[in-house]
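Colleague: Could you take one part of this model, the cysteines and their burial, and go through it closely for me? Once that is done, please carry on into the strands and the helix packing.

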Amino acid sequence: MRFVPTPLSPLLANIALYGMEERVKQYAETLKGKKDSKEKNRKALSLIRYADDFVIMHEDLSVVLKCKEIIAEWLSDMGLELKPSKTKLTHTLIEIDGNVGFEFLGFHVQQHKVGNYRCAKNTDGTPLSFKTLITPSKAKIKTHLSKIAEVIETHKTAPQAALISKLNPIIRGWSNYYSTVCSKETYSKVDHLIYDKLRAWGKSRVKGDGSWYNKYWLTVGTNKRFRTNEGDELTSHSDTAIVRHVKVKGKVSPFDGNWSYWSARRGAYPGIPTREAKLLKKQKGCCSHCGLYFTTTDSVEVDHIIPKSLGGKNTYDNYQLLHRHCHDTKTAADGSLNKNFEATPF
């Protein structure tokens, strides 16, 4: 038996708050004159929760206030209560008490007025005159920069390679977390501020005008990078590509056996090696020989399109995924003497 440690606080929060969303949705169904049906009333109110953090959204302020009362009452039955310092009423477009938008899980969500050409549309296709932008929150940016500054400060006398090895995981982790939202401008600003810190670090170690820069910033292509002669290079936030998150379709699950959907969406699938996942994505979940979709019960193997015995190479261009029986048929037909394949039980 393998023991997998689980953070206890989020687990307990999920157990304790189970059913809260349904209670709020039940209230939404009772709203009169709002929508045409109970189902539409339910969809008009959103409660997004992650562990013990949650956001309630509705177009009517009175509905949000009522939900707050319902949740406070619901929590009191379990001996819990809303924390006043974390409970805020705000609007994503209009300023309320000096605030616009809201913070959730380190992200800032806010709407901005724009013309009809660039604005969002409702489900009926009607222009809404605004668009929604999600960016890293200012508080999280400040915390991140403070952590970077602390590392640089504690490595004043350390080798450049040691400083780089300490900073890179911090930069990569933070950048990857915000890589699905509007972070490009934030990345550039943070990189510039870090450069200022590193410039001071370099000046404190080298005497002479300009020599500190040439020692610690080396030319890579056409750019100067904070890099050692041995090749250790500082990762920039801007190196992280911005890839928009696409909402998962309907009730699709990574464990429902729909290889075609998940391999095309992510280029990956739970429990499948990277190479096979890439081939699944390339083949759109289908066997190259028979054209049928793979299922979780199929025996699937990696085949060399041109067999190794006939000069084929171990490259992605020469790989394909086949059903085991399709692989046997193809091997018999292509004239190869040996079965040069790597079986992968899915």
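Modeller: I start with Cys-286, which in this predicted model has a relative accessible area of 16% and is therefore buried, since the cut-off for that class is under 20%. The cysteine sulfur closest to that of Cys-286 belongs to Cys-290, and because the two sulfur atoms are 8.3 Å apart, they are too far from each other for a bond. Cys-287 also counts as buried, with a relative accessibility of 2%. For Cys-287, too, the nearest cysteine sulfur is that of Cys-290, here at 3.8 Å, and Cys-287 takes part in no disulfide; a disulfide requires two cysteine sulfur atoms within 2.5 Å, so the distance of 3.8 Å does not qualify. When the search is extended to the whole structure, the number of disulfides found is zero.

Turning to the strands, S1, which covers residues 46-50, pairs with S2, residues 53-57, in the antiparallel sense, and five bridges connect them. Within this pairing, Arg-49 has Phe-54 of S2 as its bridge partner. The two strands form a hairpin in which two residues lie between S1 and S2, and Ala-51, in the turn, has a positive phi of about 55°.

A separate heading is the open sheet of three strands, whose order is S3-S4-S5 and whose pairing is antiparallel. Strand S3 (102-104) and strand S5 (130-136) stand at the edges with a single partner strand each, so that one side of each has no neighbour in the sheet. From one strand to the next, the twist averages 30°. Strand S4, residues 107-113, runs antiparallel to S5 and is joined to S5 by seven bridges, and Phe-107 has Pro-136 in S5 as its bridge partner.

The helix packing completes the account. Helix H2 (residues 20-29) packs against helix H4 (residues 61-76) at an angle of about 135°, and their axes are 10 Å apart, which means that H2 is oblique to H4. The crossing in which H2 passes H4 is right-handed. On the H2 side, the contact is made by Met-20, Arg-23, Val-24 and Tyr-27, while H4 contributes Val-63, Lys-66, Cys-67, Ile-70, Ile-71 and Trp-74.

Conventions: Residues numbered from 1 in each chain as written. Predicted model: local features only at pLDDT ≥ 70, side-chain atom pairs only at ≥ 80, totals over all residues. Heavy atoms only, no water. Pairing = 2+ DSSP bridges. Helix = DSSP H or I, 4+ residues; strand = E, 2+ residues; numbered from the N terminus. Axes fitted to C-alpha atoms, helices over the stretch in contact; angles between N-to-C directions. Buried < 20%, exposed > 50% of the residue type's maximum accessible area, 1.4 Å probe, protein only. Parallel < 35°, antiparallel > 145°, perpendicular 65-115°, else oblique. Left-handed = near helix turned anticlockwise from the far one by under 90°. Contact = heavy atoms within 4.5 Å.
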